[in-house]
Protein chains: 2
Amino acid sequence: MSRFDATENRINLTHQRFPGYPREPAMLVRLVKAISQHVHDTANLVLRQYGLNHTDYNVLMMLYGCQQEGMTVTQLRDAAAEKSANVTRVCNILYDRGWMARFADPQDRRRVLVSLTPEGEALVEQFLPSMSSLLNQYGAAFDARETAQLENLLKRLLGVAEQIEREL
Amino acid sequence: MSRFDATENRINLTHQRFPGYPREPAMLVRLVKAISQHVHDTANLVLRQYGLNHTDYNVLMMLYGCQQEGMTVTQLRDAAAEKSANVTRVCNILYDRGWMARFADPQDRRRVLVSLTPEGEALVEQFLPSMSSLLNQYGAAFDARETAQLENLLKRLLGVAEQIEREL
DNA sequence: ACCGAATAGTTCATTTATGTACTATTCGGT
DNA sequence: ACCGAATAGTACATAAATGAACTATTCGGT
């Protein structure tokens, strides 16, 4: 009995009251939000011992995954699915704590290149084991075929979500 | 070329640098976050004209989907995937604007029953057409079989996410 | 070469969200 | 019946996130 059953019931009833309200997409969107929220909360709990939260983690991981060359703030914004103002805020924190380096892109002086310092890399490698085992617990829900299926379906959903937002 | 490609590349590289970091669950979790974020932003944009945001909407819809009987704040918290403190905050707003009724549950006086006022129902019915058509755009990405598949996989993912959080 | 439009990023005020502590009530074992 | 533990909800201080305005730089058409 998941807590989501309540949501499902409400959606079904709304669809009855107002037939134009589409049951299936409403379910999908609510499921995504609920999962996202649980992942967020759980990550916050685990990361707390490192003085980090889930957003900090997302940003740090994207930087860890680009080696020494660094990336721009806009790339970081897209990769971490955050607003640029929020990326700036998080980067200020990471920079102040000595985990991030920042320098102007010589190619385009509007751009700011960000990357991890050695201290930042060490920090990431410190929490990576616990975060990896957490991620593995999510992965354990599916076999390889299902995982591939889910990834494919989510990519398509993300595609339309991006498009809808763009066209609005 | 989705903006998610950047994320995918970072994850692959991280997996190379630190093989214990599991690529697939990391992808799933990031996809969910990205979708959630886009849905949130788009809904905020659409709902703005009604003086509402996505969270207000989620709460209002759950209340609309339970007819006159109302629901408790805890049920609302679960159904809307929010923290109780946030539900209180949103309810204060909705109450102040005259869209929500609140009264103590006679069965258990710790509980507060919330429901929509007639004005609240009218408001919901006012934005439901635009929100329904927005939802339909998401649904258009899949045929019936795929939708069912995705719903099933997401429910399972939510199940483990809930369990992981519970056990932490 | 020039200039208006577009892009990258930050700042700032405000809104939204969270953790924690607290009150009131109910539950459950004795 | 009593009392310590558990539950429901709110209050409050703080943190996280956002929109919009702004600066600096680059782009693109003439």
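# Reading a two-chain protein model on DNA

Trainee: Which residues come closest to DNA strand C, and how many surround the strand?

Mentor: A residue is near a strand if one of its heavy atoms lies within 4 Å of it. Here 22 residues surround DNA strand C, and the closest are A:Thr74, A:Thr88, B:Asn53, B:Arg89 and B:Arg110. Of the strand C atoms that come within 4 Å of the protein, sugar and phosphate account for 78%. One caution: this is a predicted model, where local features need pLDDT of at least 70, side-chain atom pairs count only at pLDDT 80 or more, and totals for chains, interfaces and linings use all residues. Residues are numbered from 1 along each chain as its sequence is written, chains are lettered from A and ligands numbered from 1 in the order in which they are written, and side-chain values use heavy atoms, with hydrogens and water left out.

Trainee: Which part of DNA strand C does the side chain of A:Gln37 approach?

Mentor: Think of polar contacts: pairs of N or O atoms within 3.5 Å; within protein, one must be able to donate a hydrogen and the other to accept it, and residues adjacent in sequence count only if both atoms are side-chain atoms. A polar side-chain atom of A:Gln37 lies 3.2 Å from a phosphate oxygen of DNA strand C. For B:Asn86, a polar side-chain atom is also 3.2 Å from a phosphate oxygen of that strand. With B:Arg110 the partner is a base oxygen, at 3.4 Å.

Trainee: Which elements give two or more residues to the surface near DNA strand C?

Mentor: Helices (H or I, at least four residues) and strands (E, at least two) are DSSP runs, numbered from the N terminus. Helix 4 (73-80) and helix 5 (84-96) of chain A do, together with helix 5 (84-96) of chain B.

Trainee: How many residues of chain B are in contact with chain A?

Mentor: Contact means heavy atoms within 4.5 Å. By that rule, 84 residues of chain B meet 84 residues of chain A. Now take buried area, the accessible area (1.4 Å probe) that two parts lose on being put together, summed over both. The two chains bury about 8,600 Å² between them, 66% of it on carbon and sulfur atoms. On the chain B side, B:Arg10, B:Arg17 and B:Arg30 lose the most area to chain A, together 8% of what that side buries.

Trainee: How many salt bridges are there between chain B and chain A?

Mentor: Look for a side-chain nitrogen of Lys or Arg within 4 Å of a carboxyl oxygen of Asp or Glu. Twelve salt bridges join chain B and chain A, and the count over all chains is 24. One is A:Lys83 with B:Asp41, whose closest N and O atoms are 2.9 Å apart. Helix 2 of chain B gives the largest share of the side that touches chain A, 21 residues.

Trainee: Is A:Asp41 buried or exposed?

Mentor: Buried means under 20% relative accessible area, exposed over 50%, partly exposed in between (1.4 Å probe, protein chains only). A:Asp41 has 13%, so A:Asp41 is buried. A:Asp41 forms a salt bridge with B:Lys83 at 2.9 Å. B:Lys83 is partly exposed, at 43%.

Trainee: Where do B:Glu146 and A:Arg156 lie?

Mentor: B:Glu146 is in helix 7 of chain B and A:Arg156 in helix 7 (residues 144-167) of chain A, so the pair joins two chains. Their side chains form a salt bridge (2.9 Å, N to O). B:Glu146 counts as buried at 15%, while A:Arg156 is partly exposed at 30%.
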